[in-house]
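Please open the structure in your viewer and keep the selection panel at hand, as the stops below follow one another.

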Amino acid sequence: MESLQRVFGRNAAYWLIGPAALWLAVFFLFPMLSLLTTSLSDPAGSPIYGYDMTWRLQNYGEALGEYWPYLIRSLMYAGIATLLCLVLGYVLAYAIAFKAGRWKTVMLVLVVAPFFTSFLVRTLSWKLILADNGWVVNTLQAVHILGPEGRLLATPFAVIMGLTYNFLPFMILPLYTSLEKIDPRLTEAAADLYASPFQRFSKVVWPLSIPGVVGGTLLTFIPATGDYINASLLGSPNTQMVGNKIQQLFTTASDYPHAAALSVILMVLIVAMVLFYVRRAGTEELL
Amino acid sequence: MITRLGRWIGKHLPLTLGILVLLYMYIPNFIVALMSFNDSSQSRNLYQFQAFTWDNWLNPCEPQGMCESLRVSISIGLLATLVSTIIGTLAAFALVRHRFEGRSTMNLVLFLPMATPEIVMGSSLLALFVAAGFGGQLGFWTVLIAHIMFCISFVVVTVRSRLAGLDSNLEKAAMDLYANEWQAFWKITFPLVFPGILSAALLAFSLSFDDFIITNLNSGTTVTFPMFVWGSAQRGVPMQVNVIGTLMFLIALTVVIGGEVASRRRAKGKAAAL
């Protein structure tokens, strides 16, 4: 802004960006480096007396060798949850963008509002709903969808359902933003040219909403892969995700080097997948 | 009646499906509100509705440590909101109104925290604090530092989108009418950007108040509200937790709807003035 320019002189931009840049450098980038050095340290140390930096690359091999099932499980659960979010989120975002009329703002507020009931509390209430003697399980048993010994809680289903539920708003908002930009006259034009409803969607609406699809899947998939709250509250020891392991290694086991190595592996995996995906989706300008 | 409903659904299928998804999002909120009236004194089974009572609402602070943790969460939330909103708003102004060297690098650095899983961010901060010798002093301040860090990016994104949609000619017009730079800023730019800053602050507070993963790794013995809920989850959550959840929801809804009504009224007033 020219006005501030005169107050601060030619360096106004740097004065404005400075605090944010400094904070993120010291408390985001620097910690990442610290995580990297910790991951190469000798596990013989302790969090209190410190770890010796010994370039111990074996930490990575050991972490990967022992915990790879958790990594696979995390990617799988997060992947399925992201797909489910995409389907549910697309339906709702489409309805708000094209069909809600004057209720648009109200519906958008309603999408964000559940956020404000603490999400741990909401996740715990799913425990109540899916409980072994709850009416959902009883009903499913009565109609023989679930066997008499069948259960929902403490299964992969419950964990994936929890992930889907918790990250749904992260999918809806970017989808809505890109759907809202689409000129409705485009679909009308397609209809004039004898496109069927399905063709109108697949040839006009869907391609134009790709930036929202990419943004939404990233915002859902990345946090879902690292999440361990759903796996802890709704799952069982057999459904633990990599976040559970990292958390445990840091807090209960105090094995910082292996925990750090596992953290770095997770980060590298995610970055690699995101780059591949963004390139495939052809919207590189997003990053 | 049923056939009329059926016809409406047939005509508005996408809208109906959308409303169903929205209802699904509210199932837990409904359960939380219901359980806040649950009388859990009769039985140890905390996962079933026993009997109706007002007690949980009348004695919200009964569970030991819960309101203390609430106080900690609110203090951290308010401080993190204040600092991250100021820092983030300044950065948003720099990014929208200035072309400077390192701008694209800064955009990337601001994007990274949003694209990093919380467990990685939390563990890297812990690694830093321990390596720097602060391992024994984890608590209020380390949590606050972490919260400010992950709120900044969200504030920048929110304010930036508001600022980018602003016509900078308005400011020039003000100056043509003999406003000086400060007047143009405080009378024109700031009031127009303010709703964006306000919603950024609201977002920052709710992110900070709700965070568990990063907080848990960096909090030492300090207990925030999500950590209290987590800790009590093993034994069965006290019903008062549901009261707090419902209350938060109602307060947030009031703030958001209030803001919406106010901006609508202002828009109407402006239309009338024209």
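How many residue pairs are in polar contact between chain A and chain B? With both residues at pLDDT 80 or more, the count is 10 residue pairs, where a polar contact is a pair of N or O atoms within 3.5 Å, one able to donate a hydrogen and the other to accept it within protein, and where residues adjacent in sequence count only if both atoms are side-chain atoms.

This is a predicted model, in which local features need pLDDT of at least 70 and side-chain atom pairs count only at pLDDT 80 or more, whereas totals for chains, interfaces and linings use all residues. Residues are numbered from 1 along each chain as its sequence is written, chains are lettered from A in the order in which they are written, and side-chain values use heavy atoms, with hydrogens and water left out.

Select next the two facing sides: 80 residues of chain A are in contact (heavy atoms within 4.5 Å) with 81 residues of chain B.

Then select helix H2 (residues 12–39) of chain A, a DSSP run of H or I with at least four residues, numbered from the N terminus; with 20 residues, H2 gives the most to the side of chain A that touches chain B.

Move on to helix H12 (residues 242–251) of chain A, where eight of the 10 residues are buried (under 20% relative accessible area, 1.4 Å probe, protein chains only), so this helix is largely enclosed by the rest of the structure. Among the buried residues are Lys245(A), Ile246(A) and Phe250(A).

Finally, in chain B, select residues 12–37, which are 88% helix and 0% strand with end C-alpha atoms 37 Å apart, and then residues 108–132, also 88% helix and 0% strand, whose end C-alpha atoms are 26 Å apart.

Technical notes: Helices (H or I, at least four residues) and strands (E, at least two) are DSSP runs, numbered from the N terminus. Buried means under 20% relative accessible area, exposed over 50%, partly exposed in between (1.4 Å probe, protein chains only).
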